[in-house]
Every structure is written in C-alpha cells, then in structure tokens.
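Subject: Structure handover

Hello,

I am passing a structure on to you, together with notes on what was found in it. Please look at it first and then read on.

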Amino acid sequence: QVQLVESGGGLVQPGGSLRLSCAASTSIFMSATMGWYRQAPGKQRELVARFASANTTDYGAVKDRFTMSRDNAKNTVYLQMNNLKPEDTAVYYCNANRPWPAIPSYSYWGQGTQVTVSS
C-alpha cells in the first residue's frame with residue numbers, strides 16, 4: 001500500500017532549480033511530521049528539511065537554498081531547490097513520521113526520486 005508518492009526529480013545543471021512533490025493520504029498528511037531526506041552514494045541518509053511544528057521548519061545544511069512548503073488542500077509537501085550544486089546529487093525521500101507514543105505510530109518513506117546535478 002503506497003502511502004507517499006514523490007515526483008519532480010531529474011537532471012539539472014549546477015545553479016539550476018528543481019521542485020520535488022510528495023503527495024500523501026489525508027490522514028497521514030494531517031497527523032504526521034512531514035520531511036525530506038536525501039542519501040548520496042556511499043553516504044548515510046540525512047535530513048534536508050522537515051516541519052518541526054506548525055510554524056517551524058528544520059533545515060539541514062541546505063537552509064539558504066532549499067525551501068519546504070505544503071499545500072493542505074492537495075495533501076502535498078514540496079521541496080523547492082535553488083542554486084543546485086553537484087554535491088546535492090542524491091536520492092531524495094519524502095518521510096511521514098508519527099512516533100510513539102502516538103497511536104498508531106509509524107514512519108513511512110516514499111519511493112525516492114533521483115536528483116542529479118551535473119553539467
């Protein structure tokens with residue numbers, strides 16, 4: 001059962017932009033902490049951005065170039081990526097996290113979308 005559906009990855013030149021999308025079911029979207037993570041070859045998965053609260057977004061090292069947003073009417077979160085660099089090349093994953101002691105608790109991952117930054 002697919003819970004998160006990602007789209008928007010691809011090949012882009014350095015300095016370019018991409019926008020990733022992640023659509024979720026209504027129940028997940030409204031009750032889980034939504035976030036974006038990425039994993040480059042040979043490296044651990046790392047935080048890109050997540051909604052820590054209704055008014056706070058946590059960013060990893062990309063804070064000044066990437067922006068996470070949401071459209072509640074579409075149950076979708078976005079990751080706008082600007083001024084992309086070769087080191088941003090990775091598989092990007094959407095995550096919906098609802099940890100214990102919430103009932104139910106879960107952590108769902110999207111299928112991943114490849115972002116490649118290269119000239």
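The notes below go through the strands, the core, the disulfide and a few single residues.

Please keep in mind that this is a predicted model.

Sheet and strands

One open sheet is made of 4 strands, in the order β1-β3-β8-β7, with antiparallel pairing. Its edges are β1, residues 4-7, and β7, residues 66-71, and each of these pairs on one side only. On average, neighbouring strands of this sheet are turned by 15 degrees against each other, direction ignored.

At the β7 edge, the partner strand is β8 (residues 76-81), and 6 bridges join the two, which run antiparallel. To find this pairing on screen, start from arginine 70, whose bridge partner in β8 is valine 77.

Other strand pairs involve β4, β5 and β6. β4 and β5 pair in the antiparallel sense over 4 bridges, and here tryptophan 36 stands opposite alanine 49 in β5. The hairpin of β4 and β5 has 6 residues between the strands, and in this hairpin glycine 42 takes a positive phi near 75 degrees. β5 also pairs with β6 (residues 57-59), again in the antiparallel sense, over 3 bridges. Arginine 50 faces aspartate 58 of β6 as its opposite residue. The hairpin that joins β5 to β6 runs through 5 residues.

Core

The largest nonpolar core has 29 residues, and the ones that touch the most other members are Met34, Trp36, Val77, Leu79, Met81 and Tyr92. Elements that each supply at least two residues of this core include the strands β3 (18-24), β4 (33-39), β5 (46-51) and β9 (90-98), as well as the helix α1 (26-31). Two of the residues in the list of most contacts have already come up: Val77 is the bridge partner of arginine 70, and Trp36 stands opposite alanine 49.

Disulfide

A search of the whole structure finds 1 disulfide. It is formed by cysteine 22 and cysteine 94, with their sulfur atoms 2.1 Å apart. The link is left-handed, with -80 degrees about the S-S bond. Since cysteine 22 belongs to strand β3 and cysteine 94 to strand β9, the pair ties together parts that are 72 residues apart in sequence. Both cysteine 22 and cysteine 94 are buried.

Asparagine 75 and asparagine 83

Where is asparagine 75 found? It is in the loop between β7 and β8. Asparagine 75 counts as buried because its relative accessibility is 13%, and the cut-off for buried is under 20%. Its side chain makes a polar contact with the side chain of threonine 26, at 2.6 Å. Leaving aside neighbours within four places in sequence, the residues in contact with asparagine 75 are Cys22, Ala23, Ala24, Ser25, Thr26 and Phe29. Among them is Cys22, which is one half of the disulfide described above. The backbone of asparagine 75 also deserves a look: phi is positive, about 55 degrees, although the residue is not a glycine.

Asparagine 83 likewise has a positive phi, near 50 degrees, in a residue other than glycine. This asparagine lies in the loop between β8 and β9. Is asparagine 83 buried or partly exposed? It counts as partly exposed because its relative accessibility is 41%.

The loop between β9 and β10

This loop holds proline 101 and proline 104. A cis peptide bond joins tryptophan 100 and proline 101, with omega about 15 degrees. A cis peptide bond also joins isoleucine 103 and proline 104, with omega about -5 degrees.

Serine 105 lies in this loop too, and β10 covers residues 106-109. Serine 105 has a relative accessible area of 39% and is therefore partly exposed. Not counting residues up to four places away in sequence, serine 105 touches Arg98, Pro99 and Trp100. Trp100 is the residue before the cis bond to proline 101. From serine 105 to tyrosine 59 the distance is 23 Å, C-alpha to C-alpha, and the two are 46 residues apart in sequence.

Regards

Key: Residues numbered from 1 in each chain as written. Predicted model: local features only at pLDDT ≥ 70, side-chain atom pairs only at ≥ 80, totals over all residues. Heavy atoms only, no water. Pairing = 2+ DSSP bridges. Axes fitted to C-alpha atoms, helices over the stretch in contact; angles between N-to-C directions. Core = buried A, V, L, I, M, F, W, Y, C linked by side-chain atoms within 4.5 Å. Buried < 20%, exposed > 50% of the residue type's maximum accessible area, 1.4 Å probe, protein only. Polar contact = N/O pair within 3.5 Å; in protein donor to acceptor, adjacent residues only side chain to side chain. Contact = heavy atoms within 4.5 Å. Disulfide = S-S within 2.5 Å.
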